[in-house]
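I sat down with this one to look up a few sites and keep short notes for the bench. Here is what I had open while writing.

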Amino acid sequence: MDMRAGSTPAENGQTAFRDALIAAGLLIPTGVDGLYGRSGVFEDVVERFNDLITTWGGDDGADVMRFPPGVARHQFEQSGYLKSFPHLAGTVHAFKGDERAHQSLLRRLEEGEEWTDAQMATNVVLTPAACYPVYPTIAERGPLPADGALVDVYSYCFRHEPSLDPARMQLFRMREYVRAGTPEQVMAFRQSWVERGRVLMESLALPVAVDLANDPFFGRAGRMLAASQRDQGLKFELLIPIASAEQPTACLSFNYHQDHFGLLWDLRTPDGAVAHTACVGFGMERVALALFRHHGFDVKAWPAAVRAVLWG
Ligand code: ATP
Ligand code: ZN
């Protein structure tokens, strides 16, 4: 275990768990914190869990959409993400120079100088949450039908939060159901998923707790936004101890955005009112890590009931 001076017990637990996952070959290190490859066993668990989500949510008739892990820059700019989370965003830059600029790039690379400042922004931004491309897409279709909209998305997401905690990755997958409609429709959706999410996770014999939460809004104004999000009960998380028993990790999130995205994208209900939205997000790697933490690294030795739920 890494017991560097100044590390808290929680940090030591995270480092020890990360080292064990790497030693077991479940995570493949790249030399960058929070950026890992995954083994076949790890991926199988993610895929089985993904199917389990569909088992619980598939009958609701969601519209399935799959986007690559990039959002259009114009949509990202309009989404308001940079107001709340400038510290987490990752933009894609690329070389746009001529041959001279190429020579200069190679020279700087050779000499170990900074070369990335010559890269130019592209029109692609890394997706910060799987639901981001959904709101402009459904708004583009005009007013919502009477029963609103329900969308199923699944994407790799990027957040610039390098960490030694294996449960805090920079690139990770999020499966989400996204609901848009009247406040009543959206609240009923979220409530049903808070309950379903708990039963679903308990079927995997994991110790879960559901609690109020807030997003990591940036800066001083962000602290007020976070407090108001909590006061209004807009975000709940389903927590499971992963690397540390004292600080359980959010594995599922249940978010009620009120009319935030409806106003941003002019998303309306049939009577012309601004639509409300909510989403439930499953952190795929975190759930896999919770399973490895609680049932061991050998999936064949997992409790029979858990194996039956995942592998039928
Ligand atoms: P946290 O509070 O731990 O930073 P969050 O509340 O910001 O997470 P959401 O924005 O609600 O997370 O994202 C939905 C889900 O995505 C979370 O419940 C979690 O399971 C997963 N997730 C979020 N950030 C990460 C990350 N850095 N690495 C792996 N999974 C993550
Ligand atoms: Zn979402």
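The entries below go through the metal site, the ligand pocket and a handful of single residues.

**Entry 1: the zinc ion**

A reminder to myself before anything else: this is a predicted model. I started with the zinc ion, which is ligand 2, and asked which protein atoms act as its donors. I found Cys131 through SG, Glu176 through OE and Cys279 through SG, at 2.0 to 2.3 Å from the zinc ion. Written along the chain, the spacing of these donors reads C-x44-E-x102-C.

Next I looked up where two of the donors sit. Cysteine 131 is in the loop between β6 (120–126) and α6 (134–140), while glutamate 176 belongs to strand β8 (residues 171–181), so this pair ties together parts that lie 45 residues apart in sequence.

Are these two donors buried or exposed? Cysteine 131 has a relative accessibility of 4%, so I noted cysteine 131 as buried. Glutamate 176 has a relative accessible area of 1%, and I put glutamate 176 down as buried because the cut-off is under 20%.

**Entry 2: ligand 1**

I then moved to ligand 1 and counted 16 residues around it. Those that come nearest are Glu161, Met169, Lys235, Glu237 and Ser253.

I wanted to know which polar atoms of the protein are close to oxygen atoms of ligand 1, and I wrote down three cases.

- The side chain of serine 253 has an N or O atom 2.6 Å from an oxygen atom of ligand 1.
- The side chain of glutamate 237 places an N or O atom 2.7 Å from an oxygen atom of ligand 1.
- For alanine 250 the partner is a polar backbone atom, 3.0 Å from an oxygen atom of ligand 1.

How much of ligand 1 does the protein bury? Ligand 1 exposes 590 Å² when taken alone, and the protein buries 91% of that. I also checked which elements give two or more residues to the shell around ligand 1, and they are β8, β10 (235–240) and β11 (249–258). Strand β11 supplies the largest share, 4 residues. By type, the shell around ligand 1 holds 8 nonpolar, 2 polar and 6 charged residues.

**Entry 3: leucine 234 and glutamine 258**

I picked leucine 234, which is in the loop between α8 (219–231) and β10. Its relative accessibility is 10%, so leucine 234 counts as buried. Setting aside neighbours within four places in sequence, I listed the contacts of leucine 234 as Arg190, Gln229, Phe254, Asn255, Tyr256 and Gln258. Leucine 212 is 22 residues away from leucine 234 in sequence, and their C-alpha atoms are 8.0 Å apart.

Gln258 is one of those contacts, and I followed it up. Glutamine 258 is part of strand β11. The phi angle of glutamine 258 is near 50 degrees, a positive value in a residue other than glycine. Glutamine 258 is partly exposed, at a relative accessible area of 26%.

**Entry 4: helix α9 and the loop after it**

Where does glycine 262 lie? I found glycine 262 in helix α9. Glycine 262 is buried, with a relative accessible area of 1%. Apart from neighbours within four places in sequence, glycine 262 is in contact with Leu267, Val274 and Ala275. I also noted alanine 180, which is 82 residues from glycine 262 along the chain, with 8.4 Å between the two C-alpha atoms.

Aspartate 266 is in the loop between α9 (260–265) and β12 (276–283). The phi of aspartate 266 is near 55 degrees, again a positive value in a residue other than glycine. At a relative accessible area of 47%, aspartate 266 is partly exposed.

**Entry 5: arginine 18**

My last look was at arginine 18, in helix α1 (residues 9–23). Arginine 18 is buried, with a relative accessible area of 15%. Which residues does arginine 18 touch, not counting those up to four places away in sequence? I wrote down Asp33, Tyr36, Leu164 and Pro166.

Definitions and conventions: Residues numbered from 1 in each chain as written. Chains lettered and ligands numbered in written order. Predicted model: local features only at pLDDT ≥ 70, side-chain atom pairs only at ≥ 80, totals over all residues. Heavy atoms only, no water. Donors = N, O, S within 2.8 Å, 3.2 Å for Na, K, Ca; no water. Buried < 20%, exposed > 50% of the residue type's maximum accessible area, 1.4 Å probe, protein only. Near = heavy atom within 4 Å. Polar contact = N/O pair within 3.5 Å; in protein donor to acceptor, adjacent residues only side chain to side chain. Areas by Shrake-Rupley, 256 points an atom, 1.4 Å probe, with all protein chains shown as cover. Nonpolar A, V, L, I, M, F, W, Y, C, P; charged D, E, K, R; others polar. Contact = heavy atoms within 4.5 Å.
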